[in-house]
Amino acid sequence: MKRFLSLCLAAALCLGLAGCASSEKQELKATLDEANGYTTVDYTMDDGTTLEQTVIYDESGIVVTALGVKGRAGYCYLWLRLENNTSSAVTLNGNSVQVNGWEMDSSLWMKVSKNSMGREYVSFYPEGAGLELDSVQTITLDCELQDDDYNTIDTFSATLETSAYTGEMPDEELPGDVLYEGEGMTLTFGGFQQEQYSSYTKMQFYVENTRSNYIVLEGEEFRLAQGWELDAILYETVSAGAKRAFSVYIYPDDVYDSDLGYYVEYFTDSEGNSEIYDEDGTFDWTALMPFEIDLSISDRHYETLFYDTITIEDTTVEIVDEDEAADWGEETVTDEADIAIAEEEPVEEEAANVMDDTDTAAEEETTDAAIAEEETATAVTEDVRTA
């Protein structure tokens, strides 16, 4: 009986390996076909914007190619291909992404085995940062290549121009009211946005760094008009020559009375009257203004460039509905968009690897077709440089 069970498990394992090998071969074929021009993937944004396929790095057997852009101006995807013709694995990391000069929160991590090829996208979300871009004109990448031991192979930067590029980016002033300007930096406040019937509120900021190195902004303390403190987090880095839009989220539960030593739970007097809640129950932050922030700005060597108290005077609060407020959660929107892309292009979601004889001996024994594809993979990869 034990022998029979062992045979069954072995058979199941072989079938599983065969299935994996077949799937990987299909992905490999799709990737190589595109690289050699046998198939056409429509890299076009919703507004018709396109990006010419461009090699942005080609050194020592490693080639990085920008394939194209998809999505919309408020949420865009840049597809990249990494060809690794070296004898060890290579990882591509994205350190910074700028769109039209605005630095975006994004992530790029793609690891490709030796003699292999992979494809991945980097996404960026201007709407989530509080920006309304008419189009995506330029994309600037700062990247790092690492070997299998996480040692840096090289770093590189590339600026790509889309078909929407007009020849020169306009020199526009930052939106909002200026809170600080000096030392090659400008910080403005763009106002409050608050969910209707709720206290979920974000403070919108914009910053520009014209210095030759990155800067770090840190809000060390928030204070309200009554002397109460507000637990809030302001910590942002801005690359050299870049602009950034960011938000600070605030909640009534985080208002702290330092004199009494506890968080303020009730904003009413002994008779239950309150000037802080509107008739519809919406928390009115303007009743607690002006706000004060102890702001510190330092350079890459942690040398303080600016430290002072900045004040946000009385201003209005923009009330948004529940659907608009839901879009503030960048992580949620990103997940939904990623799922949509995965359903639309399942073959492109994962990098396709060209495997060597030692690593895939078991898989190659499954079918004669798999062996034939494996023998031709390396030769086809050599042709990718001309794609």
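## Turns, pockets and contacts in the predicted chain

Glutamate 183 sits in the loop between strand E10 (177-182) and E11. The structure described here is a predicted model, and this loop residue is a handy place to start. Glutamate 183 is not a glycine, yet its phi is positive, at about 55°. As for accessibility, glutamate 183 comes out at 47%, so it counts as partly exposed, short of the cut-off of over 50% for exposed residues.

Tyrosine 302 tells a related story. Its phi is also positive, near 65°, and tyrosine 302 is again a residue other than glycine. The residue belongs to the loop between E19 and strand E20 (304-312). With a relative accessibility of 66%, tyrosine 302 is over the 50% mark and therefore counts as exposed.

A further backbone feature turns up at proline 290. The peptide bond that joins methionine 289 to proline 290 is cis, with omega at about 5°. Proline 290 lies in the loop between strand E18 (262-263) and strand E19 (291-299).

Proline 290 also shows up among the neighbours of arginine 223. Leaving aside residues up to four places away in sequence, arginine 223 touches Trp228, Glu229, Pro290, Phe291, Glu292, Asp294 and Thr309. Arginine 223 itself is part of strand E13, which covers residues 215-223. Its side chain has two polar contacts to report: one of 2.9 Å to the side chain of glutamate 221, and another of 2.9 Å to the side chain of aspartate 294.

Stepping back to the whole chain, the secondary structure comprises six helices and 21 strands. Of the 387 residues, 45% count as buried. The contact pattern leans on partners far apart in sequence: among contacts between residues at least 6 apart, 63% join residues at least 24 apart.

Two pairs give a feel for spacing through the fold. Glutamate 120, in strand E7 (residues 116-124), and leucine 82 are 38 residues apart along the chain, and their C-alpha atoms are separated by 8.4 Å. Glutamate 120 has a relative accessible area of 21%, so it is partly exposed; buried would call for a value under 20%. In the second pair, aspartate 253 and tyrosine 263 are 10 residues apart along the chain, with 7.1 Å between their C-alpha atoms. Aspartate 253 is found in the loop between strand E16 (243-250) and strand E17 (255-257). At 64% relative accessibility, aspartate 253 passes the 50% cut-off and so counts as exposed.

Next come the pockets. The largest pocket holds about 530 Å³ of space. It is lined by 25 residues, and those closest to its centre are Asn100, Trp102, Met169, Glu172 and Lys243. Strand E8 (138-146) and strand E12 (201-209) are the elements that each give two or more residues to this lining. E12 gives the most, with three residues. Sorted by class, the lining of the largest pocket has 11 polar, eight nonpolar and six charged residues.

The second largest pocket holds about 400 Å³. Its lining has 18 residues, and Glu127, Gly130, Glu132, Gln193 and Lys202 are the closest to the centre. Here the elements with two or more lining residues are helix H2 (126-129), strand E11 (185-195), E12 and strand E21 (317-320). E11 gives the most to the second largest pocket, with four residues. The class make-up of this lining is an even split: six nonpolar, six polar and six charged residues.

Last, the cysteines. A search of the whole structure turns up zero disulfides. Cysteine 76 has a relative accessible area of 0%, so it is buried. Cysteine 143 is at 2%, which is under the 20% cut-off, and therefore is buried as well.

Definitions and conventions:
Residues are numbered from 1 along each chain as its sequence is written. This is a predicted model: local features need pLDDT of at least 70, side-chain atom pairs count only at pLDDT 80 or more; totals for chains, interfaces and linings use all residues. Side-chain values use heavy atoms; hydrogens and water are left out. A disulfide is a pair of cysteine sulfur atoms within 2.5 Å. Buried means under 20% relative accessible area, exposed over 50%, partly exposed in between (1.4 Å probe, protein chains only). A polar contact is a pair of N or O atoms within 3.5 Å; within protein, one must be able to donate a hydrogen and the other to accept it, and residues adjacent in sequence count only if both atoms are side-chain atoms. Contact means heavy atoms within 4.5 Å. On a 1 Å grid over the protein atoms alone, a cavity is a set of points where a 1.4 Å probe fits but cannot get out, and a pocket is an open set with protein on both sides within 12 Å along at least five of seven lines; lining residues have an atom within 4 Å of a point. Grid points are joined across faces, edges and corners, and a volume is the space filled by probe spheres set on the points. Ala, Val, Leu, Ile, Met, Phe, Trp, Tyr, Cys and Pro count as nonpolar, Asp, Glu, Lys and Arg as charged, and the others, Gly among them, as polar.
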